[in-house]
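Welcome to this short briefing on side-chain contacts. Please take a look at the structure below, and then we will walk through its rings and charges together.

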Amino acid sequence: MDKQLTPENILQTGMAFWPAKTLLCAVELGVFTELAGGPMSLDTLRERVGLHPRGARDFLDALVALGFLKRESDYYSNTPETDLFLDRNKPSYIGGILEMANRRLYPIWNNLTEALRTGEPQNECKNNEADLFETLYADPAGLKEFLSAMTGISRAANSVIARIFPWRDYQTFADIGTAQGDLAVQIALANPHMRGIGFDRPEVGPIFEQYAETTGVADRVVFMPGDFFEDDLPKADVVLMGHILHDWDLPTKKMLIGKAYDAIPPGGAFIVYDAIIDDDRSRNAHGLMMSLNMLIETPGGFDYTGADCKGWMREAGFSSMRLEPLVGSDSIVIGVK
């Protein structure tokens, strides 16, 4: 008998903004940070995070039903995951990307239809000539939020890269577009013999250096200011670009890959990771939607398949390339010179 068709997947996807916004509001309100100290009653938690009585129980119970809180009797507590990843006071906090999603991405994704019809960005730069990164880097508070968001979206992949790549064969690395510096920090923490450089615009320097100091790797990881459009990349055995290439159009992608090739010695490696789309372009929905996010955020950026990236590396002169899955939708492409 043929399986009966139902509209369940259509409805769940079409209404997926309900659970998303519920979680984003909980992060914004600091629910998980407040509960990091232990369980709280409904009334205590409601007062601590500033909830009106009318919606408080439904909101918190929705978080229970979604799997983000636990409840025993009238007391709420974090799950192991939300306690580890969504307590602002823990170094494992990844909520920066969710804070940015709530403040920036949620509103501008409302304009996806216009982006699809016009091919134009729909973010803060929509009505002026300023570049997204010029706008973000000019605002200290916005820059700090953005860099924290990059750590949030990258932490899991950074930790995997720090463990699975054969770092024992190398001595130095350079993380290009390093942001807060989490990739460099995770590599240094997992590989005490490695010394690295975080390369980014000068405005990033103080935030990077504070993060390296806080995590205890400032003696082996240093910041180098620069502009990868204007300057050569720092020389190193391994050059990395995490969530960088997808920001740019094809000529810029190829230019950056060429600069990476020039920066490493024979036998050196170039590591790229993004939400790399499967070659059939039919399974990695997150990677494809990340490319739509690039449509909304940038004039020419787009995400790409592993085959695309390996082809660009081959064109730049790399002799061997391989793709490996990381975590979630992220994959890594490694090119060896």
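Let's begin with Phe 229, which is partly exposed at a relative accessible area of 37%. Please keep in mind that this is a predicted model. Its side chains form 12 aromatic pairs and 12 salt bridges, and some of both are described here.

**Aromatic pairs and clusters**

- The partner of Phe 229 is Trp 248, and the two rings make an edge-to-face pair, with 4.9 Å from centre to centre and 85° between the planes.
- Phe 229 sits in the loop between β6 (221-225) and β7 (238-242), while Trp 248 sits in the loop between β7 and α13, so this pair ties together parts that are 19 residues apart in sequence.
- Trp 248 has a relative accessible area of 15% and is buried, whereas Phe 229 is partly exposed.
- Phe 270 and Phe 318 count as a stacked pair because their planes are at 20°, under the 30 degrees needed for that label; their ring centres are 5.8 Å apart.
- This stacked pair links distant parts of the chain, 48 residues apart: Phe 270 belongs to strand β8 (residues 269-274), and Phe 318 to the loop between α15 and β9 (320-325).
- Phe 270 and Phe 318 are both buried.
- One aromatic cluster is formed by Phe 165, Trp 167, Tyr 170 and Phe 173.

**Salt bridges**

- Asp 61 and Arg 71 meet through their side chains in a salt bridge, at 2.8 Å from N to O.
- Asp 61 is in helix α5 (residues 53-65) and Arg 71 is in strand β2 (residues 69-72), so their contact ties together parts that are 10 residues apart in sequence.
- Both ends of that bridge are partly exposed: Asp 61 has 22% relative accessibility, and Arg 71 has a relative accessible area of 40%.
- A salt bridge at 2.8 Å, N to O, also joins the side chains of Glu 297 and Arg 104.
- With Glu 297 in helix α14 (residues 285-297) and Arg 104 in helix α7 (residues 95-108), the pair ties together parts that are 193 residues apart in sequence.
- Glu 297 and Arg 104 are both buried.
- Lys 254 and Glu 315 make a salt bridge at 3.3 Å, N to O.
- Here helix α13 (residues 250-263) provides Lys 254 and helix α15 (residues 306-316) provides Glu 315, so parts that are 61 residues apart in sequence are tied together.
- Lys 254 is partly exposed, at a relative accessible area of 32%, while Glu 315 is exposed at 55%.
- Asp 83, Asp 87 and Lys 90 are joined into one network by salt bridges that share partners.

**Charges over rings**

- The charged end of Lys 253 is placed over the ring of Phe 302, at 3.7 Å from its centre.
- Lys 21 lies over the face of Tyr 106, 4.6 Å from the ring centre.

**A nonpolar surface patch**

- Tyr 106 also helps to make a nonpolar surface patch of about 420 Å², together with Met 15, Phe 17 and Trp 18.
- Within this patch, Met 15 is found in the loop between α1 (8-14) and α2 (17-29).
- Met 15 is partly exposed, with 34% relative accessible area.

Technical notes. Residues are numbered from 1 along each chain as its sequence is written. This is a predicted model: local features need pLDDT of at least 70, side-chain atom pairs count only at pLDDT 80 or more; totals for chains, interfaces and linings use all residues. Side-chain values use heavy atoms; hydrogens and water are left out. A salt bridge is a side-chain nitrogen of Lys or Arg within 4 Å of a carboxyl oxygen of Asp or Glu. Helices (H or I, at least four residues) and strands (E, at least two) are DSSP runs, numbered from the N terminus. Buried means under 20% relative accessible area, exposed over 50%, partly exposed in between (1.4 Å probe, protein chains only). Patches are made of residues with over 30% relative accessible area and no salt bridge: like charges are joined within 9 Å, nonpolar side chains (Val, Leu, Ile, Met, Phe, Trp, Tyr) within 5 Å. Accessible areas come from the Shrake-Rupley method with a 1.4 Å probe; for residues, only the protein chains shown count as cover. Rings of Phe, Tyr and Trp (its six-membered ring) pair if their centres lie within 6.5 Å; planes under 30 degrees apart count as stacked, over 60 as edge-to-face and the rest as tilted. A charge sits over a ring if NZ of Lys or CZ of Arg is within 6 Å of the ring centre and within 35 degrees of the ring normal.
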